[in-house]
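Reader: I would like a close look at a single part of this model, set carefully within the fold around it. Please take one residue and follow its surroundings step by step.

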Amino acid sequence: MVSPTRDAMATDLAPYVANWSVLFLTPDERYHRIADRLRALAVRVEVVSDFVSALARMEDRRQLDAV
């Protein structure tokens, strides 16, 4: 369950992070939950599990706001 304080923080951050492009490099499935929360804030999130895939994504998408 997400606390009301955390919900309020997410609402406050939404205008700042909306439409960002973010790439997660992790083999850990737990980060998919974080990616889903960011997607709910209109962040474009890609999750890859290895370094080679990350390099390929960065080559394809020259505009990333966070990796």
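Author: What follows goes from the whole chain to the strands and then to one loop residue, Thr-26. The model is a predicted one, and its chain holds 3 helices and 2 strands, which are arranged from the N terminus on in the order α-β-α-β-α. Of the 67 residues in the chain, 19% are buried, while the accessible surface comes to about 5100 Å², with carbon and sulfur atoms accounting for 57% of that area. Where contacts link residues at least 6 apart in sequence, 48% of them join residues at least 24 apart.

The two strands, strand 1 with residues 21-25 and strand 2 with residues 44-48, pair in the parallel sense over 5 bridges, and within this pairing Ser-21 stands opposite Arg-44. Together with helix 2, which spans residues 31-40, strand 1 and strand 2 form a right-handed β-α-β unit.

Thr-26 is found in the loop that runs between strand 1 and helix 2. Its relative accessible area is 11%, and because buried means under 20%, Thr-26 counts as buried. Apart from its neighbours within four places in sequence, Thr-26 is in contact with Tyr-31, Val-47, Val-48 and Ser-49; of these, Tyr-31 falls in the range of helix 2, residues 31-40, whereas Val-47 and Val-48 fall in that of strand 2, residues 44-48. Within the sequence neighbourhood, a polar atom of the Thr-26 side chain lies 3.0 Å from the backbone nitrogen of Asp-28.

Conventions:
Residues are numbered from 1 along each chain as its sequence is written. This is a predicted model: local features need pLDDT of at least 70, side-chain atom pairs count only at pLDDT 80 or more; totals for chains, interfaces and linings use all residues. Side-chain values use heavy atoms; hydrogens and water are left out. Two strands pair if DSSP finds at least two bridges between them. Helices (H or I, at least four residues) and strands (E, at least two) are DSSP runs, numbered from the N terminus. A crossover is right-handed if, with the strands pointing away from the viewer, the path from the first strand over the helix to the second runs clockwise. Buried means under 20% relative accessible area, exposed over 50%, partly exposed in between (1.4 Å probe, protein chains only). A polar contact is a pair of N or O atoms within 3.5 Å; within protein, one must be able to donate a hydrogen and the other to accept it, and residues adjacent in sequence count only if both atoms are side-chain atoms. Contact means heavy atoms within 4.5 Å. Accessible areas come from the Shrake-Rupley method with a 1.4 Å probe; for residues, only the protein chains shown count as cover.
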